[in-house]
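Me: Please take a close look at how the copies of the chain are arranged and joined, and at the helix packing inside each copy. A formal, connected account would be appreciated.

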Amino acid sequence: MAGPLISLLTDFGARDPSAAICRGVIWGIAPEARLLDISHEVTKYAIRDGALLLWCALPYLPIGVHAAVVDPGVGTDRRPIAIRTVRGDHLVGPDNGLLLPGADRLGGVEAAIELTNPAFRLPVVSSSFHGRDIFSPAAAHLALGVPIGDLGPSIEPSTLVTLGIPEPVVDRGRLATSIVYVDTFGNVKLSALIEDLEAALGPLSPGDPLRLEIASHGQAAGSTLRVPWQDAFGHAGEGQPLLYQDSYGRVCLAIDRGNAGTQLGLVDDQPVLVSRDATTGG
Amino acid sequence: MAGPLISLLTDFGARDPSAAICRGVIWGIAPEARLLDISHEVTKYAIRDGALLLWCALPYLPIGVHAAVVDPGVGTDRRPIAIRTVRGDHLVGPDNGLLLPGADRLGGVEAAIELTNPAFRLPVVSSSFHGRDIFSPAAAHLALGVPIGDLGPSIEPSTLVTLGIPEPVVDRGRLATSIVYVDTFGNVKLSALIEDLEAALGPLSPGDPLRLEIASHGQAAGSTLRVPWQDAFGHAGEGQPLLYQDSYGRVCLAIDRGNAGTQLGLVDDQPVLVSRDATTGG
Amino acid sequence: MAGPLISLLTDFGARDPSAAICRGVIWGIAPEARLLDISHEVTKYAIRDGALLLWCALPYLPIGVHAAVVDPGVGTDRRPIAIRTVRGDHLVGPDNGLLLPGADRLGGVEAAIELTNPAFRLPVVSSSFHGRDIFSPAAAHLALGVPIGDLGPSIEPSTLVTLGIPEPVVDRGRLATSIVYVDTFGNVKLSALIEDLEAALGPLSPGDPLRLEIASHGQAAGSTLRVPWQDAFGHAGEGQPLLYQDSYGRVCLAIDRGNAGTQLGLVDDQPVLVSRDATTGG
């Protein structure tokens, strides 16, 4: 019989021992747990990045306990929480918006509590490492079958902190979206899903010419790109850009065997207008 | 009883959730599997690097299933494959040369198939993430004991794509080789093994003076180095270069407690001529 | 029944296959072992960094075998060793000071041996990868219950190599310390613990104004900082510096949601004088 699954996502970094200490605390309580690291290299303090990674990953993980810590507010009055999802998972982490997009992908929030019961914390709780002192013990006890209600008082789900992720705007012939993540391949992920893009532009076929008007943001300059819609990187041709639907249904900009983020100088939060390109025949 | 071993090697990067999603898919099918990450930081798209890492690692891993994904051609007509080795392992990945050097180290290819059977894929197969949709499910089912022939039709092994790794050339008194990998210590690995070098120069002893003529390649300038043959980094002296046999029998250039790659400005594919150095007494 | 715990800490890097090969060797001998990676991204050759990470991590890990390899002297006459701690753990690695601070945190050294018995090594021992050839097999056999005395002859603990970590100096009203580690958040860790600081300055309260005189070291310039003592990053205010007690009781300098190391240009080994700041009212 395989042990219960506990996944971990943090911005602790692989060089420091913090992620390992969380695993150590968990195995001290639940030695049979199967541990699955989603990522410990989330950009420091980037709550939205962490939320987006959970949104991608959780539907592909077995039902289990998922502890996530991107927590610049550690030690202040932000609440430490646990959530039970409709799918049957438990999510554990700070109440700063990190957990909710992932919870939505698991059917939504069925119950939420604040992690206050000292019986399910380490004996000493520091002000800077709740991953070790609160979240890992909570995850381990939940994995062992402790009912979520034993860990602390109920929270009304509508009071949970949410992230202000800007929604794409669908117009006839034009989609207004923005960059939400640039992955380690340099693939540039937009806030829009394929349904949004096709609602704006109609059905898309490989080779359809598109126009991207990318606005400046912070240090990053604006630009206008003409790129084809494609169904595979390799169909663009080495070094050529393409717009495509990524494996989560999200609209992305890439360069075949290149790095769109660095080669095109693109960064998070740049606004992007997508339309069909009338100037070429495709 | 320990569960079956499944190893993973990819260029997905530790920040993104892709490697974790592969683990999640595997544990959804084979919850008892023991997962061993070889690397997820292979240089993007560097098929030869991935092949070389498998060549190093696989002989030291227990018999198991080894899934490897460095796959710039994902979604094009390159074949997804599984291989059974003479040692009894299964290798899973794209048919782009990535798997063959590792398979050779496990006794060679005993059988190969194309992964076409939809019963052993995820229900929806994307065009950009076959690691999740095809390779991880195949690895999990093979680990559970599904016969390789159930996963798809046989492939004639001689039709598998091979990498054009240049072989070293042994002359009397001179070895022509090239740089194939620079590791994270900056140790510069050549295509030649110790047998090649001793075939060219005769038996080597610690302190023997050698001459390396390194040709320019791309941005990297050429240079000539005089370095001793050594049997341990620390015998060169801090900051001093040495040529040595690495722990896989490969000829390597290093700097004791330094980084030969960056300090000497060396990169992959620079040609290197090695001879004995007549200008010093050793 | 959960398998025995084996933790690993190295400077091998996540890109190269060395850490995975250690896991493979361990599972070849002890297939039931639960493997816990503390870090494989220790700064290359930085024995003190590795020692400090073990000091942080080991008290939070279950009793087990802990193999650590930061080993610039591999292949020279430095001894490969195993230690049994008073808590009941076994530590395995090179005799270069790496293991002792962690052993102290587990009650101290109860016994030590030199790893000489070839029955508990790989059949061929290279001169550059004792992690694979000596330390991983030793760790696996110890995890299986082989008595430490079977692995080699006793070593007198007082002969083990120690690191020269400079101790903080407590004066009335002034603490002389130095930077020992900068973590991946840029938090700057001092050699002093909270007890040292309060011995010098008396009890500290959030908001107490402090003065840091940081001396130059190597390339890094000196500077004088005025920072408050705080109990949580978020109480400093975004972008503001703070001195605080980290979750291991160590005195640290941080910037709320920033990176103190890079923003303030601080590096390891800079001397730091800490006193109360008389020029502000706090």
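**Symmetry, interfaces and helix packing**

Reply: In this predicted model, a turn of 120° with a shift of 0.0 Å along the axis lays chain A on chain B, and the RMSD of that fit is 0.0 Å. The two copies are thus related as by a three-fold rotation axis. Within chain A, the C-alpha nearest this axis belongs to Ala14(A), at 5.1 Å from it. For chain B and chain C, superposition likewise takes a rotation of 120° and 0.0 Å of shift along the axis, with an RMSD of 0.0 Å. Here the C-alpha of chain B nearest the axis is that of Ala14(B), and its distance from the axis is 5.1 Å.

The interfaces come next. Between chain A and chain B, 36 residues of chain A are in contact with 28 residues of chain B. The area buried between chain A and chain B comes to about 2600 Å², and carbon and sulfur atoms give 59% of it. On the side of chain A, Tyr60(A), Thr184(A) and Phe185(A) supply 24% of the area that this chain buries against chain B, more than any other three residues.

Between chain B and chain C, the contact involves 36 residues of chain B and 28 residues of chain C. About 2600 Å² is buried between chain B and chain C, with 59% given by carbon and sulfur atoms. Of the area that chain B buries against chain C, 24% is supplied by Tyr60(B), Thr184(B) and Phe185(B), which is more than any other three residues supply.

Attention now turns to the inside of each chain. In chain A, helix H1, residues 18-29, packs with helix H4, residues 130-143, at an angle of about 40°, and their axes are 9 Å apart. An angle under 35 degrees would count as roughly parallel, and the range from 65 to 115 as roughly perpendicular; the angle of about 40° therefore makes H1(A) oblique to H4(A). The crossing of H1(A) past H4(A) is right-handed. From H1(A), the residues that take part are Ile21(A), Cys22(A), Val25(A), Ile26(A) and Ile29(A), and they meet Gly131(A), Arg132(A), Ser136(A), Pro137(A), Ala140(A) and His141(A) of H4(A). By class, the residues of this contact of H1(A) with H4(A) are seven nonpolar, three polar and one charged.

In chain B, helix H1 (residues 18-29) and helix H4 (residues 130-143) pack at about 40°, with 9 Å between their axes. H1(B) and H4(B) are therefore oblique to each other, and H1(B) passes H4(B) in a right-handed crossing. To this contact H1(B) brings Ile21(B), Cys22(B), Val25(B), Ile26(B) and Ile29(B), while H4(B) brings Gly131(B), Arg132(B), Ser136(B), Pro137(B), Ala140(B) and His141(B). The residues of the contact of H1(B) with H4(B) comprise seven nonpolar, three polar and one charged.

In chain C, the axes of helix H1 (residues 18-29) and helix H4 (residues 130-143) cross at roughly 40° and come within 9 Å. That makes H1(C) oblique to H4(C). A right-handed crossing describes the way H1(C) passes H4(C). The residues of H1(C) that meet H4(C) are Ile21(C), Cys22(C), Val25(C), Ile26(C) and Ile29(C), and their partners in H4(C) are Gly131(C), Arg132(C), Ser136(C), Pro137(C), Ala140(C) and His141(C). In the contact of H1(C) with H4(C), seven residues are nonpolar, three are polar and one is charged.

Note on methods
Residues are numbered from 1 along each chain as its sequence is written. Chains are lettered from A and ligands numbered from 1 in the order in which they are written. This is a predicted model: local features need pLDDT of at least 70, side-chain atom pairs count only at pLDDT 80 or more; totals for chains, interfaces and linings use all residues. Side-chain values use heavy atoms; hydrogens and water are left out. Copies are superposed by least squares on the C-alpha atoms of residues with pLDDT of at least 70 in both. Axes are lines fitted to C-alpha atoms, for helices over the stretch in contact, and angles run from 0 to 180 degrees between N-to-C directions. Helices (H or I, at least four residues) and strands (E, at least two) are DSSP runs, numbered from the N terminus. Angles under 35 degrees count as roughly parallel, over 145 as roughly antiparallel, 65 to 115 as roughly perpendicular and the rest as oblique. A crossing is left-handed if the near helix is turned anticlockwise from the far one by less than a right angle, and right-handed if clockwise. Contact means heavy atoms within 4.5 Å. Ala, Val, Leu, Ile, Met, Phe, Trp, Tyr, Cys and Pro count as nonpolar, Asp, Glu, Lys and Arg as charged, and the others, Gly among them, as polar. Buried area is the accessible area (1.4 Å probe) that two parts lose on being put together, summed over both.
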